[in-house]
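Please look at the model below slowly, and follow the chain with a finger as you read. The paragraphs that come after it lead you from one part of the fold to another.

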Amino acid sequence: MEKYCGLSHLFMTVFLSCFSTFMVIPPMTDITLSAICPGQDECSLAIYLTGVQQAIVGLGSLVMMPVLGNLSDTYGRKVMLTLPMTLSIFPLAILAYSRTKYYFYAYYVLRTIIAMICEGSVQCLALAYVADNVPESRRASVFGVLSGIASSAFVCGNLSARFLSTASTFQVAAAMAVIALVYMKMFLPESITKGNIFSKKSETSCLLEKAPKKGFQFFKTLPSFSDMLCLLKTSSTFLHAAIVSFFVNVAQVGLEASLLYFLKAQFHFNKNQFADLLIISGIAGSISQLLLMPILAPAFGEEKLLSIGIFFSCLHMLLYSIAWSSWVPYASAMISILSCFAMPCLKSIASKQIGPNEQGKVQGCITGICSFASVVSPLIFSPLTALFLSQNAPFHYPGFGLACAAFASMLAFIQSLMIKPDNNVTNWSVNDSNLAEP
């Protein structure tokens with residue numbers, strides 16, 4: 001019972017943290033354009049700056065996510081959650097004070113630096129926390145619930161932004177980030193303890209416990225590149241999951257890099273319309289993950305549900321790309337009810353390929369691969385979006401960048417079909433595999 005109480009506190013922590021993050025999304029496009037290109041609905045410089053930020057953040061996260069995941073295996077999930085939740089307050093506080101040109105640039109620089117360390121870390125550590133406390137047979141469903149909580153925060157955040165002024169939106173977001181940190185510190189119990197039931201049941205040892213006793217204590221916790229390669233080489237299922245994760249995130253980041261600027265240029269969307277669209281998408285995702293996934297995951301299996309989710313994600317992006325009226329994006333957003341299965345299933349499949357003492361490592365590795373996709377994707381989609389929304393496009397297809405995102409999602413779908421159910425999964429340690437090598 002104590003463990004499930006801990007999960008309820010984890011869910012509330014994730015909700016509050018995501019609420020503060022997501023509620024600033026609708027006004028950010030207008031703020032960016034007004035700071036860089038005042039009075040314009042299309043601005044290539046704004047698109048490029050957003051893409052550069054995404055690439056830099058992805059590069060930082062590629063390095064930091066495995067590190068934070070590994071450190072959490074040693075020092076605890078709660079301890080490592082404190083870092084990203086504290087740092088995320090400061091960029092919000094800048095725009096809560098003022099959104100003029102120079103404050104925007106201060107926000108842009110500070111958020112880029114902080115996001116290099118913290119982007120995706122709350123979700124990564126929350127997944128490892130769940131894996132510490134939930135048996136494998138129920139893990140996909142609980143991962144889905146966790147994603148559903150984030151989607152609910154997405155809905156509530158965007159709904160709040162719909163009715164708040166831009167200034168109030170950032171003030172509330174900063175306040176909620178502080179509340180999330182205080183709540184986590186006061187109520188969330190640590191999951192890495194000597195009494196962890198899954199640690200007792202496992203006969204495998206943690207990589208960090210077997211590591212050679214040399215060097216500074218801190219550096220014993222840092223993952224090496226060979227460790228990550230070992231994860232990929234030892235389990236074909238994990239390798240396929242990593243490839244799927246890469247293409248799914250290339251597509252998702254491409255969608256994020258293109259969609260709002262596409263809607264602004266094509267249909268002159270404003271903050272409220274962005275919020276309406278995101279609310280519809282978030283409600284569909286919440287229904288999918290909180291209600292449907294606990295039912296469908298045991299019925300169909302994680303592998304089939306993964307492929308179904310990616311297929312509808314591809315369709316979702318393709319419909320955006322051919323939108324001929326301002327109503328089509330709203331219809332496309334509703335497909336999120338079937339496209340949100342992918343990532344919870346993917347994280348659950350990956351978590352079953354390694355021992356319980358290294359869940360931080362495996363989630364950090366998957367998140368690091370997602371971050372690498374976040375480096376690659378803006379380099380492709382930002383120039384495509386800027387080109388096809390400009391007067392110099394080689395042919396008239398404003399949604400061409402979104403169509404390319406759909407193509408990347410289709411590649412992920414094809415790769416997902418190669419992941420087969422494995423009823424004989426055995427938890428292993430990275431170091432066990434290393435020791436077996438001649």
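A residue is called buried when its relative accessible area is under 20%, exposed when that area is over 50%, and partly exposed in between, with a 1.4 Å probe and protein chains only. The model is a predicted one, in which local features need pLDDT of at least 70 and side-chain atom pairs count only at pLDDT 80 or more, while totals for chains, interfaces and linings use all residues. Residues are numbered from 1 along each chain as its sequence is written, and side-chain values use heavy atoms, with hydrogens and water left out.

Let us begin with two helices, a word that here stands for DSSP runs of H or I with at least four residues, numbered from the N terminus (strands are runs of E with at least two). Helix α8 covers residues 136-163 and helix α14 covers residues 271-300, and the two pack with their axes 8 Å apart, at an angle of about 160°. Such axes are lines fitted to C-alpha atoms, for helices over the stretch in contact, and the angles run from 0 to 180 degrees between N-to-C directions. Because of this angle, α8 is roughly antiparallel to α14, a term for angles over 145 degrees, whereas those under 35 count as roughly parallel, those from 65 to 115 as roughly perpendicular and the rest as oblique. The crossing of α8 past α14 is left-handed, which is said when the near helix is turned anticlockwise from the far one by less than a right angle, and right-handed is said if the turn is clockwise.

These two helices are also joined through their side chains. Side chains of opposite charge can pair when their charged atoms come close. A salt bridge is counted when a side-chain nitrogen of Lys or Arg is within 4 Å of a carboxyl oxygen of Asp or Glu, and by this rule the model has six salt bridges. In one of them, D276 pairs with R162, and their closest N and O atoms are 2.8 Å apart. This pair links distant parts of the chain, since D276 belongs to helix α14 and R162 to helix α8, 114 residues apart. D276 counts as partly exposed because its relative accessible area is 26%, and R162 is partly exposed because its value is 25%.

Another salt bridge joins the side chains of E302 and K352, at 2.7 Å from N to O. E302 lies in helix α15 (residues 302-321), while K352 lies in the loop between α18 (342-351) and α19 (359-388), so this pair ties together parts that are 50 residues apart in sequence. Both E302 and K352 are buried. The side chains of D73 and R77 likewise meet in a salt bridge, 2.8 Å from N to O, and these two residues are buried as well. Salt bridges that share partners bring D73, R77 and D132 into one network.

Where does H268 lie? H268 is found in the loop between α13 (236-267) and α14. Its phi is near 60°, a positive value in a residue other than glycine. Most residues other than glycine have a negative phi, and most peptide bonds are trans.

Some residues that are separated along the chain can also be compared by their positions in space. L7, in helix α1 (residues 2-22), counts as buried because its relative accessibility is 4%, and its C-alpha is 9.4 Å from that of L146, although the two are 139 residues apart in sequence. S382, in helix α19, is buried with a relative accessible area of 2%, and 8.3 Å separates its C-alpha atom from that of G401, 19 residues away along the chain. V63, by contrast, is a residue of helix α3 (residues 44-75) that counts as exposed because its relative accessibility is 52%, and the C-alpha atoms of V63 and I117 are 8.5 Å apart, with their positions 54 residues apart along the chain.

Finally, turn to the surface, where V178, V182, M186 and F187 make a nonpolar patch of about 360 Å². Of these residues, V178 sits in helix α9 (residues 166-187) and is partly exposed because its relative accessibility is 37%. Patches are made of residues with over 30% relative accessible area and no salt bridge, where like charges are joined within 9 Å and nonpolar side chains (Val, Leu, Ile, Met, Phe, Trp, Tyr) within 5 Å. The accessible areas come from the Shrake-Rupley method with a 1.4 Å probe, and for residues only the protein chains shown count as cover.
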